[in-house]
Amino acid sequence: MLLSWALSACEKPASSHIPRYLLQQDRFAAYVVIPEPEHEPSLWVTGIQYPDSVSWRDHPDAPGARVFLLKDGEEVLSVPAGDQVRLERHRFQAGHLWTDTSDGNETIVYCDGNERFRFPGEELLLGFLVVDGQVHTLGQRQGRDGICYRIDGVEVFSCDEGTVVGSLSERAWRGGALTADEGGVYYVYKVPVRTYQKLDWEYRVMRGAEPVHVILAGTAETVYDVRVFQGQVYSLQRRGLDSLMLVAGETPHFIPQFMVERVCSCRLYPLDGTLVLKGYSRLDAAEVYLAWLRSERGIMHNAVSERLFLEWQPEGTTLTAIDLQEGLVGSIWRGGKELEALSEPYTMASPLCLLCQDGLLAIGLTNAQSRDHLLLVNDIPFPVSFNGYFCSLYFE
């Protein structure tokens, strides 16, 4: 059983919040073209599609795969996925599909299928941000042998022993491991340091090629996350067995916890102009998992399940959450209530397949056995059939 609650009551968004073009049943069938209504956000969907003859679950790197982009059900773009078919090799920003490929000798970045730039070597781009027409990337080199920050493919900074902090699968941070404000573009990497015969990590915060902050090895038992937000460096640390801290610069703020709580994961999360914590914990005594958003004042939103959480996002003053059952999507919860049980076994390739934004909810579910997939938009199902899987959803 799963329950969710918040500090104040929440009303379920009215049906008038559902865009008119999403009220048409089967509107995604055959990628039909629907006129875009005025002043309503479009639903953008990315995914990977294979030739009909390919059993992609058995052969995920099979040749011929393509990355597609849908806007309100219409396929607006389809480009080759390259030899390494990975969902991390593409991303959507400001109406454009950005993809990259590598043959081991060089990495090539494309915008809407057209080459934008290339550079030597192979990098997995964990940070990607377009700022004033320039493309900023933060790449992890093959074998995790160092990081490289580039602008339009030109190396700005690199570290041969660095490991990127952050990824492109975090919904709250548009640039993945990169963030930007009026001060510039920021990122964080860590390097291994041996202290007192123990291998630890030193965290370095960068603005371009300039170091702006360092968290020395041994400062904390665990560093969960580090970000720059509104010009301030924040880190999420565990100091001692039971002390979870949100550190602003050098100032720590104690984060309340339950006595029986075992934190499994937590990240920094921007919400309504402030920075909070997003995480999940295990309550061993009750044999349940707890998904939450909280600050130094305590828990803001909560959800409880007997199963591990796959993804959860704030929606008003509550959480929308998805849990897992034997590797498949278990239950989908909204406003503390379970949606109608799914009739087919579904998976989610990425947390980016769940999207809560401005009173709208969209979920991309990939069928685990067939090509009959499903989009849920504000609890309304829209079937989509193709040989592949969904990768990400956006409202713009």
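Does Glu 170 count as buried or exposed, and at what relative accessibility? In this predicted model, Glu 170 comes out as buried, with a relative accessibility of 16%. Its salt-bridge partner is Arg 227, and the closest N and O atoms of the two sit 3.5 Å apart. That pair ties together distant parts of the chain, 57 residues apart: Arg 227 belongs to strand E18 (residues 222-229), while Glu 170 lies in the loop between strand E13 (163-164) and strand E14 (179-181). Arg 227 is buried too, at a relative accessible area of 3%.

Next up is the pair formed by Glu 311 and Lys 278, whose closest N and O atoms are 3.1 Å apart. Here again distant parts of the chain are linked, this time strand to strand: Glu 311 is in strand E26 (residues 309-315) and Lys 278 in strand E23 (residues 274-283), with their positions 33 residues apart in the numbering. Glu 311 counts as buried because its relative accessibility, 5%, falls under 20%. Lys 278, at 14%, is likewise buried.

Then there is Asp 284, which meets Arg 282 in a salt bridge with an N to O distance of 3.1 Å. The two ends of this pair get different labels: Arg 282 is buried at 16% relative accessible area, whereas Asp 284, at 39%, is partly exposed. Salt bridges can also share partners, and in that way Arg 89, Arg 91, Asp 100 and Glu 122 are joined into one network.

As for the overall tally, the count comes to 20 salt bridges.

Definitions and conventions:
Residues are numbered from 1 along each chain as its sequence is written. This is a predicted model: local features need pLDDT of at least 70, side-chain atom pairs count only at pLDDT 80 or more; totals for chains, interfaces and linings use all residues. Side-chain values use heavy atoms; hydrogens and water are left out. A salt bridge is a side-chain nitrogen of Lys or Arg within 4 Å of a carboxyl oxygen of Asp or Glu. Helices (H or I, at least four residues) and strands (E, at least two) are DSSP runs, numbered from the N terminus. Buried means under 20% relative accessible area, exposed over 50%, partly exposed in between (1.4 Å probe, protein chains only).
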